[in-house]
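Here are my notes on the model you sent round. I went through it with a modeller's eye, so skip whatever you already have.

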Amino acid sequence: MSSGGLELPPGDSGHEGGPADGPGGGAGAVAAGAVSLAPPADGDARAGAELDWGADAWSEVRTRAQRAGRAYIWLNLIEQRLRSVVGAVLRPVYEPVHGGDDWVVAAAGPAGQEWVQRAVAVREVSRRKGYLLDPADDNVLSFLTLPQLRELMVQHWPCFEPYFDDRREIELALDELEVTRNVVSRNRALSRPVLEQAERASARLLEVLGAGAGSPAADRLPIDAVEDLVGDRYADVISVHPDRVRLQRMLPAEDLFGGARRLDAIGIGLNLLVQNFSGRRLVRLTEAGCRVRLLFLNPASSAVKRRERELGLRKGELSRSVEMNILHVRRVRAGLGDPSRFDIHVFDETPRFTAYLVEGETSGIAVVQSYLRRARGMEAPVLVLRGGGRGAAKDAEHGLFTTYREEFESVWEDSRPVS
C-alpha cells in the first residue's frame, strides 16, 4: 500500500493472491484503485504522448527553426549596432567622470539600477565560467539587452538628437522588433508576416542608425543579412518568384530601374520596362547619366510567328505589340538632348530568355526569366540576381549575373540598330 492509498500490482501476475486470481482477472488485469506500470497496449491513445515525429511535424520544426534563425540574425545586427551607437555617444559623457565600466552604471541612473546590476552580475559569472571568448566583450555594455540599450537611448535623447532626426521612428521600429525578439527568445512559432515586418524594421533601423549602404543603387534591394551568410550556396541568386506579379510586389519597377547608371535589357517586348516605367521617367533617368541599351526581338522575324503559335495568339498579335513597344522607346529617345546614350536594337534569333541588367554606382541587380512554351512572360518564373560592386557574389566567375551579361553582349554584337 502506498502513502497515497493506491496499491501497486505485483510483478508476477500469476502469483498466488495477485490480481490474476481475482474475479474477472486476466493476464493484464489491474485491481481497482491500483496504478498500472505496464507499457500501454498497442492502439491505446490514452496512455502517454507519441514520441515519434512524422513528416509534417519535421517540416513544421524546420520552418520554425529557419524563421527563428533568420530573425535572430537581424536582431543580432540591430543589437550590436545599437550597442556601438550608445557607447560612441554616452561613453565620452560619463567615462571621464566615472571611469572604467562604472560609466554604464552611472548612465543607467536610479531608474535602471536593477537591470544594470543584473548585467554586472551576469558578466562576473561569465568571467568565472570562461564564457567570455572575446576580450572585446569583457565590459558591462556587451551584456545589456536590446530593451536596455533602448532605455539608455531614450533617457539620454538630447545626447543622441544631434545625430538622429526622428526619435519616434527609432522607437516604433524597436517596438516592432520587440515582438519578434520575445518570440525568438522563447523558441515559439514565428509567423511569416511578423518575420517580414521585423526584416523591414531592421533594415530601416540600420539605415537610420547609420549602418546602411548610403547608396541609392544599393537601396533598391539591400543585401539581406542571411544572404550575406549563406549566399555562396546559391551563387548570386538572391530571390526566386513563381511569376512576375509576385516579383513586382517585392521589387516594383521604380525600385528596380530608378537610380540606375547602366540599363541593358533583352527580350521579346520588354514589357516589364516599357509598360511599368513611364517614358517621362525614362527620359529623366537617361538625362541623369544612365546608359540605356534595349534589345527587342525583331517583330518581322519568323521567331515572332513561332512564338505566336506557341502561345495560341492570333497572327500578327505579338508582332504588333512588340512594334508598339519599340515605337514608344523611340519617342523617348527622340525627346533626349543626347540620344547617343539611348540605343535600341533588334535581333532575329530564337528568344531564349528575357533579362534586365541594372547597375548602379556600387551594386547591380538582374531580373531574368526563361521563355516557356505555353506561358506568357508575366507567368514565367523569375530569378533576381545580385551583381557588381559591394553586392557581387564572392566568386564572380560562378555567378549568373556574369553569365547573362556575356550572353547579352553576344546577342548585341549580332543585332541591328533601330533608326
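The points below go from the whole chain down to single residues.

1. Confidence first. This is a predicted model, and the mean pLDDT of the protein chain is 82, with 80% of its residues at 70 or more. Two stretches to flag are residues 213-220, where pLDDT is below 50, and residues 389-395, also below 50. Beyond near neighbours in sequence, 213-220 still has 20 contacts in the model, while 389-395 has 14. Where pLDDT is low, the predicted coordinates should not be read in detail. I'd keep that in mind before looking at those contacts one by one.

2. Overall make-up. The protein chain holds 16 helices and eight strands. Of its 419 residues, 38% are buried. If you take the contacts between residues at least 6 apart in sequence, 72% of them join residues at least 24 apart.

3. Helix H4. Which residues of H4 are buried? In this helix, residues 146-155, they are Leu-146, Gln-148, Leu-149, Arg-150, Leu-152 and Met-153. Note that Gln-148 and Arg-150 are on that list along with the leucines and the methionine. The cover over these buried positions includes helices H1 (55-98), H2 (102-108), H3 (113-129), H5 (157-160) and H6 (167-185).

4. The H6/H7 pair. Two packed helices are described by the angle between their axes and the distance between the axes. For H6 and H7 (residues 192-208), the axes come within 9 Å and cross at roughly 145°, and the crossing is left-handed. On the H6 side the contact involves Glu-169, Ile-170, Ala-173, Leu-174, Glu-176, Leu-177, Val-179 and Thr-180. These meet Val-194, Gln-197, Ala-198, Ala-201, Ser-202, Arg-204, Leu-205 and Val-208 of H7. By class, that contact has 10 nonpolar, three polar and three charged residues.

5. Backbone oddities. Most residues other than glycine have a negative phi, and most peptide bonds are trans. Asn-187 has a positive phi of about 55° without being a glycine, and Leu-270 likewise has a positive phi, near 55°. Their settings are worth setting side by side. Asn-187 lies in the loop between H6 and H7 and is exposed, because its relative accessible area is 63%. Leu-270 sits in the loop between strand S2 (262-267) and helix H12 (271-274), but it is buried, because its relative accessible area is 2%.

6. Arg-244. Is this arginine buried or exposed? Arg-244 counts as buried because its relative accessibility is 6%. Its place is in helix H10, residues 244-250. Not counting residues up to four places away in sequence, Arg-244 touches Asn-271, Leu-272, Gln-369, Gly-377, Met-378, Ala-380 and Val-382. With Leu-272, the C-alpha to C-alpha distance is 8.6 Å, across 28 residues of sequence.

7. Ser-126. This serine belongs to helix H3 and is buried, because its relative accessibility is 8%. Leaving aside neighbours within four places in sequence, Ser-126 is in contact with Tyr-131, Leu-132 and Phe-143.

8. Cysteines. How many disulfides are there? The count is zero. Two cysteines to look at anyway: Cys-290 is buried, because its relative accessible area is 0%, whereas Cys-159 is partly exposed, because its relative accessibility is 27%.

Key
Residues are numbered from 1 along each chain as its sequence is written. This is a predicted model: local features need pLDDT of at least 70, side-chain atom pairs count only at pLDDT 80 or more; totals for chains, interfaces and linings use all residues. Side-chain values use heavy atoms; hydrogens and water are left out. Buried means under 20% relative accessible area, exposed over 50%, partly exposed in between (1.4 Å probe, protein chains only). Helices (H or I, at least four residues) and strands (E, at least two) are DSSP runs, numbered from the N terminus. Contact means heavy atoms within 4.5 Å. Axes are lines fitted to C-alpha atoms, for helices over the stretch in contact, and angles run from 0 to 180 degrees between N-to-C directions. A crossing is left-handed if the near helix is turned anticlockwise from the far one by less than a right angle, and right-handed if clockwise. Ala, Val, Leu, Ile, Met, Phe, Trp, Tyr, Cys and Pro count as nonpolar, Asp, Glu, Lys and Arg as charged, and the others, Gly among them, as polar. pLDDT is the predictor's confidence in each residue, from 0 to 100. A disulfide is a pair of cysteine sulfur atoms within 2.5 Å.
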